[in-house]
Amino acid sequence: MDEARRVAIRDRLAGVARAALGAEHRLTGVSQLRGGSKKGVYRLTFDDDSTAIVYIWDAAENYWPTAQIDDAENHANPFSHASGLDLFEAAHRRLDALGVRTPRIHLADRSRSHYPADIAVVEDVPGATLEALLQQDPEGAKVPLSRLADALGAMQRHQGAGFGKVALIDNGGISQGHSCEQVVLDRALDDLAEAASRDTRIAGGRDRLEDTVRGLAETVRPRSEYGLIHGELGPDHVLVDRHGHPVLIDIEGLMFFDIEWEHAFLRLRFGEHYRRLRRSGLDEQRLTFYTLAMRLSLVAGPLRLLDGDFPDRDAMMGIAEHNLQQALAFLRQVYLASRLVTRRG
């Protein structure tokens, strides 16, 4: 971020800070935090050394292509661009009611009287992310992981009247699509088409990948129970407070859905540590289907993001490449399994 923009943001956020925390806290510093792609995330520092975090939902802070940003208002699509103050507030209320820790809200404002965009000022949770703790102190991460498993259990036992974003369901809305598996299939086919248009390796296996995706979808039995899921819960989206409690962030995508969608992502992101989060009774066929769909999403999405000026390009390209390789490896496994069955027949 250039210095002129940094100063402009700091000056504008002085009024936000006063509205959120009172005039007795004088703003002395503003620093942008890395990692966000849909909203601006800044740490506010005050003259008494206290801090807070401000979220800014502004097109200037959103690195995704314009077409996807415009889709953010389509809450009827469970997988539409999950960004905005209304989604954040609805998710925060639901998690708070369940006793699932998220940063406390000091101010949520959509009036544009303090800043020319929707904003929220929240607690700055002291401590590392769970991702950092797992890398630096795996033994010390055991308690937060156990508590995260408890929080996930409470969420997944909490049933919705239908599937879709919490803000939509809370307002009596109905999502597009007649089932979670159909919504995932439609998205997976779109992601496959987009990934194939961007990478020749996916293009070369597109027909077999499409047959595999459709075949996996056909094995999934209908279901009408939907648990509460974060939707993108990696260890980087979990803070650990000074008491060892997990604190969920980036919650705008919170929705009622098949819990296997959450577990597909958890398994990919937590790796060997996933065993502490695993839940019994998961539908393994649904989980296999969702895992491949997730891989395709994690190829197409990062490549789409790189069409713009997202700064951490190497990391995003690494995500796309890793998941591309995993999707093709899955395809090879399916091929070898079919050959084995043919030989035995």
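Start by selecting R43 and I53: in strand β3, I53 is the bridge partner of R43. As you look around, keep in mind that this is a predicted model.

**The first strand pair**

Now widen the selection to residues 40-46, which make up strand β2; six bridges join β2 to β3, and the two run antiparallel. Follow the chain from one strand to the other and you will pass through a hairpin, with four residues between β2 and β3. Stop at D49 in that turn, where phi is positive, at about 70°.

**Inside β3**

Next, select residues 51-57 and switch on a surface for everything else. Is β3 enclosed or open? Six of its seven residues are buried, so β3 is largely enclosed by the rest of the structure. Buried here means under 20% relative accessible area.

**The second strand pair**

Add residues 118-123, strand β5, to your view. β5 runs antiparallel to β3, and six bridges join them. For a landmark, pick W57, which stands opposite D118 in β5.

**A pair of helices**

Leave the strands and select residues 142-157 (helix α5) together with residues 259-270 (helix α10). Their axes come within 11 Å and cross at roughly 160°. Angles over 145 degrees count as roughly antiparallel, and that makes α5 roughly antiparallel to α10. The crossing is right-handed.

Show the side chains where the helices meet:

- From α5, choose L145, L148, L152, M155 and Q156.
- From α10, choose I259, E262, H263, L266 and F270.

Color them by character to finish: the residues of this contact divide into seven nonpolar, two polar and one charged.

Definitions and conventions. Residues are numbered from 1 along each chain as its sequence is written. This is a predicted model: local features need pLDDT of at least 70, side-chain atom pairs count only at pLDDT 80 or more; totals for chains, interfaces and linings use all residues. Side-chain values use heavy atoms; hydrogens and water are left out. Buried means under 20% relative accessible area, exposed over 50%, partly exposed in between (1.4 Å probe, protein chains only). Two strands pair if DSSP finds at least two bridges between them. Axes are lines fitted to C-alpha atoms, for helices over the stretch in contact, and angles run from 0 to 180 degrees between N-to-C directions. Angles under 35 degrees count as roughly parallel, over 145 as roughly antiparallel, 65 to 115 as roughly perpendicular and the rest as oblique. A crossing is left-handed if the near helix is turned anticlockwise from the far one by less than a right angle, and right-handed if clockwise. Contact means heavy atoms within 4.5 Å. Ala, Val, Leu, Ile, Met, Phe, Trp, Tyr, Cys and Pro count as nonpolar, Asp, Glu, Lys and Arg as charged, and the others, Gly among them, as polar.
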